[in-house]
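Got the viewer open? Let's walk through a few spots together, one selection at a time.

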Amino acid sequence: MVLIDPGHGGDDPGAVYSLENTDADAAQIKEKDLNLEISLMLYDMLKESGVRVELTRYEDLALELADRLEMANRLDASLFISIHNNAAPDKSANGTLTMFNPSKDYASYGITGERAAQLLHEEMVGELETADGGLQKMSKSKVLSDTKMPSVIAQVAYITNESDRQKLMNEEFRKKAAQALHDGILKVLFEMEDKE
């Protein structure tokens, strides 16, 4: 079972970028919407591949972090992936990065958080042709520390970077992101099965 967590939602938009010279609301790119759209496509792709998969949210609603984590642990997922898009004050910051918790031992799952992150990251950077932001160790993130199973945060691209943003606004790119995550997840699951 794979649990996909579309980051943010409801009154928590995540990163927001306002396009200039257009009316206010239509002109906002909200991370929560991109996260959900990529997650829904990924959900369909995994289902089609015969993978048991759930989403923490299927629509634009607010979810407490504690609820997301409780759901992951209650469902006893084998893999938890939180999907995000990045933002930075430095507009030149761009690319894809993937986060994991180095201090957790997932021996019973047959794969480390770092290895799961690496497999997903390689697929994303290869498929999306974004800059390689690398793997990032995150011990303090509750998403990565309070889940029992290997957990990864995938940061697809930067809303605040002109080049990345243009890509994110393209549906084909969002579909490619879902496909890359799908392919990476299958690799993670195959590796877990091999270790059983």
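Is Glu70 buried, partly exposed or exposed? Select Glu70: with a relative accessible area of 41%, it is partly exposed (buried means under 20%, exposed over 50%, partly exposed in between, using a 1.4 Å probe and protein chains only). Before moving on, note that this is a predicted model, where local features need pLDDT of at least 70, side-chain atom pairs count only at pLDDT 80 or more, and totals for chains, interfaces and linings use all residues. Residues are numbered from 1 along each chain as its sequence is written, and side-chain values use heavy atoms, with hydrogens and water left out.

Now add Arg74, which is exposed at 54% relative accessibility. Its side chain meets Glu70 in a salt bridge, 3.0 Å from N to O (a side-chain nitrogen of Lys or Arg within 4 Å of a carboxyl oxygen of Asp or Glu). Both residues lie in helix H2, four residues apart, about one turn of the helix; helices (H or I, at least four residues) are DSSP runs numbered from the N terminus.

Next, pick Arg165 and Glu162 in helix H5 (residues 162–168). Their closest N and O atoms are 2.6 Å apart in another salt bridge. Arg165 is buried at 4%, whereas Glu162 is partly exposed at 47%.

Last stop: Glu37 and Arg174, whose side chains form a salt bridge at 2.8 Å, N to O. This pair links distant parts of the chain, with Glu37 in helix H1 (residues 31–48) and Arg174 in helix H6 (residues 171–195), 137 residues apart. Arg174 is buried, at 11%, while Glu37 is partly exposed, at 26%.

Key
Helix = DSSP H or I, 4+ residues; strand = E, 2+ residues; numbered from the N terminus.
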